[in-house]
Amino acid sequence: MSPPLTRSTVISAFLRSFLIQGSWNYRTMIGNGFAFAMLPALKRMFGDDPEALDASLRRHVNHFNVHPYLSGLALGAALRLEADGTDAETVTRFKMAIRGPLGGLGDALVWATWLPAVSMLALALWWVGTPDWMTVVFFLVLYNAGHLALRVWGFRSGLREGREVAQALTRANLVNIHDRLREAATVMIGLLVGVALASPTGLVHTGLPWAALGMLAFVVGLKIGHRIWRPTAIAVVTAIASLSTWGIVT
């Protein structure tokens, strides 16, 4: 049995997980960063046996890739497996099994819902007259609150559950959270279009053709936006940026 993990070792591993993409490359993806985050714990477990330390480091430096915000889930679970004395083959197979699901879930949860929803909310606030600096601060605080909460939850869950980390994912019901965030993002699209139309500098004040076009886009988005919300979000942001660039709205 390996020496138990200490609080300082666990904290060190978690803080290092923020740098997990620092050595990203096409050959090992985040493998180098994952091994870097594991290193303090591996030194504590195998520090008295150079060969065992070398072998443990080699099995974590290999190709590995998950969403960076959920990498803590894999990191915590790997720490638990190593601390429990799990054999090397099981640790490697475990990492191979979770990398696909954590990558897809993270992309859907963060890049495809959380980031667009917060961005459109910040844009809507800016459009109604919120000062630039306050809009930026609002975006950074809200976005990173979700970001950090996901990292902390993932690391603690992985460390607690080990190879049973799938149960933590099931209890958290991240798929349901993703669906709710997607609904919120759809509402944000409507809010952004609404303020782009009705605000004092909006399209309704630029002449009938542009106002009619804006209303038509609003109705189309209302009918089908929730079904294809990602292309709709990109179209809305692109249209507003183009109209602002051309000076049609300010």
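His147 counts as buried, since its relative accessibility is 11% and the cut-off for that word is under 20% relative accessible area. The model in which this residue is seen is a predicted one, and His147 belongs to helix 6. Which residues does His147 touch, once its neighbours within four places in sequence are left aside? They are Phe18, Tyr69 and Trp114.

A second residue of helix 6 can be read in a similar way, and that residue is Phe155. With a relative accessible area of 4%, Phe155 is buried. When the neighbours within four places in sequence are again set aside, Phe155 is in contact with Val10, Ala13 and Phe14, and also with Gly72, Leu73, Leu75, Gly76 and Leu79. One of these partners, Gly76, shows how the fold brings together parts of the sequence: Phe155 and Gly76 are 79 residues apart in sequence, yet from C-alpha to C-alpha they are 5.0 Å apart in space.

Three of the partners of Phe155, namely Val10, Ala13 and Phe14, lead the reader to helix 1, which covers residues 7-16 and whose buried residues are Thr9, Val10, Ala13 and Phe14. Looking down the axis of helix 1, one finds these buried residues within an arc of 135°, and therefore they line one face of the helix. The other side of helix 1 carries Arg7, Ser8 and Leu15, which are exposed. What do the buried residues of helix 1 pack against? Their partners are helix 2 (31-46), helix 4 (71-83) and helix 6 (132-161).

From helix 4 the path goes on to helix 5, which is made of residues 88-127. These two helices pack with their axes 11 Å apart and at an angle of about 165°. Because angles over 145 degrees count as roughly antiparallel, helix 4 is roughly antiparallel to helix 5. The crossing of the two helices is right-handed. On the side of helix 4, the contact is made by Leu73, Ala74, Ala77, Leu81 and Glu82, while helix 5 contributes Val91, Phe94, Ile98 and Leu102. If the residues of this contact between helix 4 and helix 5 are sorted by kind, eight are nonpolar, none is polar and one is charged.

Leu73 is a useful residue on which to end, for it appears in two of these descriptions: Leu73 of helix 4 takes part in the contact with helix 5, and Leu73 is also in contact with Phe155, whose place is in helix 6.

Key
Residues numbered from 1 in each chain as written. Predicted model: local features only at pLDDT ≥ 70, side-chain atom pairs only at ≥ 80, totals over all residues. Heavy atoms only, no water. Buried < 20%, exposed > 50% of the residue type's maximum accessible area, 1.4 Å probe, protein only. Helix = DSSP H or I, 4+ residues; strand = E, 2+ residues; numbered from the N terminus. Arc of directions from axis to C-beta. Contact = heavy atoms within 4.5 Å. Axes fitted to C-alpha atoms, helices over the stretch in contact; angles between N-to-C directions. Parallel < 35°, antiparallel > 145°, perpendicular 65-115°, else oblique. Left-handed = near helix turned anticlockwise from the far one by under 90°. Nonpolar A, V, L, I, M, F, W, Y, C, P; charged D, E, K, R; others polar.
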